Amino acid sequence: MPERGQVYLAVDIGGTKVAAGLVNSEGEILFKTRTPMNSTGSAEDALSCVRTAIDSITSSASLQVSGIGISTPGTVDLRSGTVLNPYNIPCWRNYPLGTAIRECYGLPVEVHNDGNAAGLAEALWGSGVGHKLVLYVTIGTGIGTAIVYGGRLYLGRTHAAGEGGHMVINFQGPKCSCGKSGCVEAFAAGPAIARRAQEQVQASPAHGKSLLELAGGSAAAIKSETVARAWEQQDPLATRILEETVDTLAIWFGNVIDLIEPDVIVVGGGLSGVVASWFPRLREQTVLWCNNPHCREIPFLEAKYGADSGIAGAAAVCLSGKNYIS
């Protein structure tokens with residue numbers, strides 16, 4: 001276990017930004033900053049952006065850090081810290097990010113997938129505290145999951161476990177970005193919500209008047225955030241679309257509960273606030289799709305860290321190191 005008072009330099013990498021911060025061993029974010037990310041240039045251009053973020057932290061804070069944690073999209077070879085296939089950072093395919101950062105700063109470095117990292121942070125310090133088996137679900141541009149048991153990530157033999165967003169709930173459903181058809185992500189993530197709204201507004205502009213107005217008159221400009229705003233204004237079409245989304249998620253959650261029976265389900269990601277507003281319906285609908293007689297006892301909770309989940313997650317994997325279940 002880390003000594004009380006240790007501080008970690010945490011880096012959250014995305015397609016357009018690099019967020020970095022200092023996080024202590026109690027999960028408190030002491031300082032944070034945000035800089036642009038160049039994901040369309042060369043691998044070294046992208047590395048330079050990460051170094052800029054790290055340098056901005058080290059130049060602004062005098063605290064001594066115990067290591068650097070990095071949260072990044074896509075699959076990561078955890079033993080080497082190599083980023084294998086980050087979908088929104090194409091210049092980093094099979095890129096040895098951990099080695100590059102370690103050579104630059106001479107500190108221990110842990111690199112991990114962003115969804116798993118955020119889930120670990122929620123289990124250690126966030127809404128999952130006090131629960132043995134935590135299912136973390138991030139809902140936004142995609143749907144990702146992390147399984148944390150006893151404060152340790154469960155990753156499977158090859159570290160590829162926990163891809164719950166690509167469980168098929170209807171094989172005749174739309175094509176998913178992963179290549180399969182009918183994944184829950186293809187039905188309930190942000191782009192899927194936007195697509196359904198666009199289709200229904202195009203089919204009936206009169207019923208989609210509010211959505212069109214919020215999108216500046218263009219159905220193609222409707223996003224999941226547009227649907228959420230229209231729902232907040234009590235628009236019937238937006239309400240129906242979100243009801244469909246929640247009911248679809250309930251089918252998936254019922255299956256997941258039957259499979260692993262988590263002690264708590266923590267929901268994070270860009271759409272977590274919207275989904276949390278629908279928790280009462282989600283609980284009731286999930287019961288209809290679950291055989292577990294104790295289904296109602298499993299709480300749905302909104303994630304603690306919100307937009308800072310990547311920073312907290314990077315610190316969590318730095319703290320935990322290779323202490324995961326495989």
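In this predicted model, histidine 159 is buried, with a relative accessible area of 13%, a value that falls under the 20% limit for a buried residue. Histidine 159 is found in the loop between strand E10 (152-153) and helix H4 (184-188), and its phi is near 65 degrees, a positive value in a residue other than glycine. Such a value deserves mention because most residues other than glycine have a negative phi. A positive phi, of about 55 degrees, also occurs at asparagine 94, which again is not a glycine. Asparagine 94 is placed in the loop between strand E6 (82-83) and helix H2, and this residue is exposed, with a relative accessible area of 52%.

Strand E10, which precedes the loop of histidine 159, belongs to an open sheet of 5 strands, arranged in the order E10-E9-E8-E11-E12 and with mixed pairing. The edge strands of this sheet are E10 and E12, each of which pairs on one side only. Strands E9 and E10 run antiparallel and are joined by 2 bridges; within this pairing, valine 148 has leucine 153 of E10 as its bridge partner. Strand E8 (residues 133-139), by contrast, pairs with E11 in the parallel sense over 5 bridges, and here the bridge partner of valine 134 is valine 264 in E11. On the other side of E11 in the strand order, 3 bridges join E11 to strand E12 (residues 300-302), and these two strands run parallel. One of the residues concerned is isoleucine 265, whose bridge partner in E12 is phenylalanine 300.

The burial of strand E11 was examined next. Of the 5 residues of E11 (residues 264-268), 5 are buried, so the strand is largely enclosed by the rest of the structure. This holds for both faces of E11, since Val264, Val266 and Gly268 are buried on one side, while Ile265 and Val267 are buried on the other.

Threonine 145 lies in strand E9 (residues 143-149) and is buried, with a relative accessible area of 9%. Its side chain reaches two backbone atoms, namely the oxygen of glycine 162 at 2.3 Å and the nitrogen of glycine 164 at 2.8 Å. When residues up to four places away in sequence are not counted, threonine 145 touches Asn116, Leu135, Tyr136, Val137, Gly162, Glu163, Gly164, Gly165 and Trp252.

Trp252, one of the residues touched by threonine 145, also takes part in the aromatic contacts of the model, in which the count comes to 5 aromatic pairs. Tryptophan 231 and tryptophan 278 form one such pair, which is tilted, with 5.5 Å from centre to centre and 35 degrees between the planes. Because tryptophan 231 lies in helix H7 (residues 224-232) and tryptophan 278 in the loop between helix H9 (272-277) and helix H10 (279-288), the pair ties together parts that are 47 residues apart in sequence. Tryptophan 278 is buried, with a relative accessible area of 9%. Another tilted pair is formed by tryptophan 252 and phenylalanine 253, at 4.8 Å centre to centre and with 45 degrees between the planes; both of these residues are buried. Ring pairs further link Trp252, Phe253, Phe279 and Phe300 into a cluster.

Helix H1 (residues 43-60) has 18 residues, which at 1.5 Å a residue should span 26 Å, and its end C-alpha atoms are 26 Å apart, so the expected and computed spans agree. The buried residues of H1 are Ala43, Ala46, Leu47, Cys49, Val50, Ala53, Ile54, Ser56 and Ile57, and they pack against strand E1 (7-13), strand E2 (17-24), strand E3 (29-36) and helix H2 (97-105).

In soluble globular proteins, nonpolar side chains tend to be buried together. The largest nonpolar core of the model has 60 residues, and those with the most contacts inside it are Val11, Ile13, Ile70, Trp92, Leu97 and Ile101. With residues up to four places away in sequence left out, tryptophan 92 touches Ile13, Met37, Ala43, Ala46, Leu47, Val50, Val83, Leu84, Pro86 and Leu97. Apart from this core lies another, of 44 residues, which includes Val137, Ile147, Ala276 and Leu282.

Notes: Residues numbered from 1 in each chain as written. Predicted model: local features only at pLDDT ≥ 70, side-chain atom pairs only at ≥ 80, totals over all residues. Heavy atoms only, no water. Phe/Tyr/Trp six-rings, centres within 6.5 Å; stacked < 30°, edge-to-face > 60°. Helix = DSSP H or I, 4+ residues; strand = E, 2+ residues; numbered from the N terminus. Buried < 20%, exposed > 50% of the residue type's maximum accessible area, 1.4 Å probe, protein only. Pairing = 2+ DSSP bridges. Polar contact = N/O pair within 3.5 Å; in protein donor to acceptor, adjacent residues only side chain to side chain. Contact = heavy atoms within 4.5 Å. Expected span 1.5 Å × (residues − 1). Core = buried A, V, L, I, M, F, W, Y, C linked by side-chain atoms within 4.5 Å.
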